[in-house]
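Work through the exercises below with the model open. Try each task before you read its solution.

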Amino acid sequence: MNCAISGEVPEEPVVSKNSGLLFEKRLIERHISEYGKCPITGESLTMDDIVPVKTGKIVRPRPVQAASIPGMLGMFQTEWDSLMLSNFALEQQLHTARQELSHALYQHDAACRVIARLKKERDEARSLLAQAERHIPASTPITVNASAVSNGRTVTPDEVGPGGKKICPGISASIFDELTECNAALSQQRKKRQIPSTLAPIDDLERYTQISSHPLQKTSKPGIASIDIHHNKDIIATGGFDTNAVIFNRSSGEILSTLSGHSKKVTSVKFVGRDDLFLSSSADKTVRIWQGSDDGNYNCNHVLKDHNAEVQAVTVHATNNYFVTASLDNTWCFYELSSGLCLTQVEDPTGSEGGYTSAAFHPDGLILGTGTSEAIVKIWDVKSQTNVARFDGHVGAVTAISFSENGYFLATAASDGVKLWDLRKLRNFRTFAPYGSETPTSSVEFDHSGSYLALAGADIRVYQVANVKSEWNCIKTFPDLSGTGKATCVKFGPDAKYLAVGSMDRNLRIFGLPGDTEAMES
């Protein structure tokens with residue numbers, strides 16, 4: 001007896017009371033649950049109308065094809081053909097998917113090229129528009145903002161853009177090539193760099209003591225805000241709260257020149273490694289370029305007034321042809337040294353992280369580090385003038401920033417101490433917090449060989465530079481002998497043979513080996 005639905009012998013036969021037809025139980029149950037009627041007669045049917053039929057265990061007969069070897073071979077052949085057809089269909093689907101993916105990637109690449117071309121055309125249009133604005137005469141007189149000045153002169157109306165800001169020419173391709181060549185040369189030299197044999201050993205640094213003190217600044221407004229050392233000539237420059245910068249010959253103990261002209265404290269001083277050039281920045285919002293003369297005096301070549309707030313830092317590029325200034329107006333300017341021309345003025349688009357309080361070039365010259373008044377350290381790509389990294393974690397304004405000569409480490413100082421950053425992994429790997437929160441760390445400086453690190457605050461401390469995993473040991477601690485309890489700046493002399501320290505009194509202090517006192521006096 002066969003099932004009325006499948007036509008096969010049922011495993012669990014049931015009979016309908018109404019029609020007397022035989023069904024497979026699972027088939028009729030599913031049909032009733034979906035339709036509620038007999039699949040054959042179409043009459044209403046429920047499970048109560050189904051009666052199971054008790055039979056003996058049914059053994060399904062073997063299919064006819066499986067009853068002989070040729071039949072089984074035919075079954076296998078049929079299965080194989082089905083498998084091959086299925087595999088062929090899958091390969092066709094894979095091929096179609098690959099074609100669609102290739103087409104999508106091509107479209108994406110074409111879209112990227114179109115976007116890049118449109119951006120280039122947009123930038124060219126903006127440049128042409130800026131040039132047109134400079135040459136089209138205005139219909140009404142233009143009021144030039146007092147901050148729109150360059151090299152100490154007021155710019156003409158056609159040099160001023162919207163908002164009274166001076167239009168900068170930008171960094172040219174030839175300058176980019178010069179910076180890139182300098183970067184490649186210095187990077188190659190660094191790979192062969194060795195610690196000089198003339199470098200002061202740790203044993204000597206442990207015996208350093210104050211060997212001289214020189215009253216350089218005026219008594220009316222004591223305090224040295226910044227120091228720089230010309231290593232080839234062994235002369236020291238100081239910038240004071242008395243608005244003057246002083247050039248001092250350490251060997252003879254004489255003041256070579258006093259540079260007057262700023263109206264507020266001198267925040268930063270820097271020697272240029274050529275042509276007796278010298279830079280100073282001030283809280284009076286200006287930067288001055290000084291030229292040394294044969295008689296030892298310095299004359300002011302340019303007064304730069306591109307910032308509209310205190311200029312906190314100035315740093316010279318490794319080419320000695322360009323320099324950068326950083327200001328509390330939340331901008332940094334890239335200058336050509338020979339002409340004093342501001343090539344570009346970069347403003348942070350966020351504008352919410354405070355003005356710049358410190359700045360320094362990476363030894364290779366293509367990276368600029370800046371510290372802000374809101375405890376943020378920012379790393380800039382000089383060529384694109386974009387912020388490529390930022391470090392958080394400090395408390396208070398970042399007062400000083402220094403790159404190690406090996407190019408891997410960055411040291412930053414703030415109210416909470418000194419943090420060391422690994423520029424390869426962009427992370428903080430060590431923190432020195434020698435002073436309380438009421439005494440910020442004012443200065444931090446690597447020596448020229450990258451072997452020692454000095455920091456200044458309530459005292460002066462020198463550390464031995466190690467690697468990321470090793471301990472950086474404190475070699476020597478010098479007390480602040482000014483009596484003010486605040487050392488403001490520290491610099492290593494050539495080969496770390498001495499340290500120059502400025503404090504909140506008017507004296508420049510030299511720390512070195514005790515025997516060097518007689519040598520210096522002689």
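**Exercise 1. Find the domains and the distance between their centres.**

Step 1. The centres of domain 1 and domain 2, taken over C-alpha atoms, are separated by 96 Å. Step 2. Domain 1 covers 13-64, and domain 2 covers 173-190 + 199-512. These bounds come from an automatic or database domain assignment. Step 3. Keep the source in mind: this is a predicted model, where local features need pLDDT of at least 70, side-chain atom pairs count only at pLDDT 80 or more, and totals for chains, interfaces and linings use all residues. Residues are numbered from 1 along each chain as its sequence is written, and side-chain values use heavy atoms, with hydrogens and water left out.

**Exercise 2. Work out the strand order of the sheet that holds β1, and place helix α1 on it.**

Step 1. Strands are DSSP runs of E with at least two residues; helices are runs of H or I with at least four; both are numbered from the N terminus. Two strands pair if DSSP finds at least two bridges between them. Step 2. The order is β2-β1-β3, an open sheet of three strands with antiparallel pairing. Step 3. β2 (22-24) and β3 (50-52) are the edge strands, each pairing on one side only. Step 4. On average, neighbouring strands here are turned by 40° against each other, direction ignored. Axes are lines fitted to C-alpha atoms, for helices over the stretch in contact, and angles run from 0 to 180 degrees between N-to-C directions. Step 5. β1 (residues 13-16) is joined to β2 by three bridges. V14 has F23 in β2 as its bridge partner. Step 6. Helix α1 (residues 25-35) lies across β1, β2 and β3 and runs at about 90° to β2. Contact means heavy atoms within 4.5 Å.

**Exercise 3. Analyse the sheet that runs from β27 to β30.**

Step 1. Four strands form an open sheet in the order β27-β28-β29-β30, with antiparallel pairing. Step 2. β27 (443-446) and β30 (474-479) each have a single partner strand, so one side of each is left without a neighbour in the sheet. Step 3. The average turn between neighbouring strands is 15°, direction ignored. Step 4. Four bridges pair β27 with β28 (residues 452-456). V444 has L455 in β28 as its bridge partner.

**Exercise 4. Describe the hairpin of β13 and β14.**

Step 1. β13 (residues 287-292) and β14 (residues 298-304) run antiparallel and are joined by six bridges. Step 2. W290 stands opposite C300 in β14. Step 3. Five residues lie between the two strands, and G296 in the turn has a positive phi of about 95°.

**Exercise 5. What surrounds Q217?**

Step 1. Q217 sits in the loop between β6 (209-215) and β7 (224-230). Step 2. Its relative accessible area is 1%, so Q217 is buried. Buried means under 20%, exposed over 50%, and partly exposed in between (1.4 Å probe, protein chains only). Step 3. Leaving aside neighbours within four places in sequence, Q217 is in contact with G223, I224, T238, G240, D242, N244, V246 and R506. Step 4. With D242 there is a side-chain to side-chain polar contact of 2.9 Å. A polar contact is a pair of N or O atoms within 3.5 Å; within protein, one must be able to donate a hydrogen and the other to accept it, and residues adjacent in sequence count only if both atoms are side-chain atoms.

**Exercise 6. Which groups does the side chain of N406 reach?**

Step 1. N406 lies in the loop between β23 (400-403) and β24 (409-414). Step 2. N406 is buried, at 16% relative accessible area. Step 3. Its side chain makes a polar contact of 3.1 Å with the side chain of S404. It also reaches the backbone nitrogen of Y408 at 2.8 Å. Step 4. Not counting residues up to four places away in sequence, N406 touches R190 and R193.

**Exercise 7. Compare the positive-phi residues D275 and N330.**

Step 1. Most residues other than glycine have a negative phi. Step 2. D275 has a phi near 60°, and N330 has one of about 70°. Step 3. D275 lies between β11 (266-271) and β12 (277-282). N330 lies between β16 (322-327) and β17 (331-336). Step 4. D275 is partly exposed at 47%, whereas N330 is buried at 9%.

**Exercise 8. How many disulfides are there?**

Step 1. A disulfide is a pair of cysteine sulfur atoms within 2.5 Å. Step 2. The count is zero. Step 3. For C38, the nearest cysteine sulfur is that of C3, 11 Å away. Step 4. For C474, the closest is in C489 at 19 Å, too far for a bond.
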